[in-house]
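New here? Take a look at the model below, then use the notes under it to find your way around.

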Amino acid sequence: MRTLQDLIDTVAARRGKPITVTEVRLPPEVSAFCARGKERDFIVIDATASQLTRLHAALHELFHLWEEHPAEGHTPRPMSEETVRQLLPNLKAGPVLQVLTRSHYDDAHERRAEAFATVMLERHIRLRGSEDSDGFLTSAFTHRRSGV
């Protein structure tokens, strides 16, 4: 796998449905989230984040789609369902709020997702070494199939 899109395609094939990656302005405390749909999965990334942060967030959320996330208990919600409907009108507010309340490192799954994203990002940077890594990132984020 040489590009982000290759990795997205691999996870989509494993899950048996396409993955749409999109950018939306998110609240400051949220860099990205993913949502599983019946016919399509989604990764939503903060449009105001830096390019490396967006790549790291995409990899982190892709891991969540790759490895099923365990059920979680009820936690306080950072925003109202109405706010979610305004920001993301095509997604159900309840599941989005559940994802947004997830703590970054409170369980092993979150730590594995963070480790995966960090290792993949470091691998990308190391493999690109003397190459212009901005070209790779730009092409990965402008690829039309992922929507990024």
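**Strands and a helix**

Let's start at a strand pairing: Arg36 has Asp41, in β3, as its bridge partner. Keep in mind that this is a predicted model. From that pair we can work outward through the strands, then turn to helix α1.

**Around strand β3**

- Strand β2 covers residues 32–36, and five bridges tie it to β3, with the two running antiparallel.
- Getting from β2 to β3 takes a hairpin of four residues.
- β3 has another partner in strand β1 (residues 19–24): these two pair in the parallel sense, over six bridges.
- Asp41 turns up in that pairing as well, since Ile19 stands opposite Asp41 in β3.
- How much of β3 (residues 41–46) is buried? Five of its six residues are, so the strand is mostly covered.

**Helix α1**

- Helix α1 runs over residues 4–15, twelve in total. From first C-alpha to last it reaches 17 Å, close to the 16 Å expected at 1.5 Å a residue.
- Its buried residues are Leu4, Gln5, Leu7, Ile8, Val11, Ala12 and Arg15. They sit on the same side of α1 because they cover an arc of only 160° around the axis.
- That fits a general pattern: an α-helix has 3.6 residues a turn, so residues three or four places apart point the same way.
- Over on the other side of α1, you'll find Ala13 and Arg14 exposed.
- Right after α1 comes Gly16, with a positive phi near 75°.

Conventions:
Residues numbered from 1 in each chain as written. Predicted model: local features only at pLDDT ≥ 70, side-chain atom pairs only at ≥ 80, totals over all residues. Heavy atoms only, no water. Buried < 20%, exposed > 50% of the residue type's maximum accessible area, 1.4 Å probe, protein only. Pairing = 2+ DSSP bridges. Expected span 1.5 Å × (residues − 1). Arc of directions from axis to C-beta.
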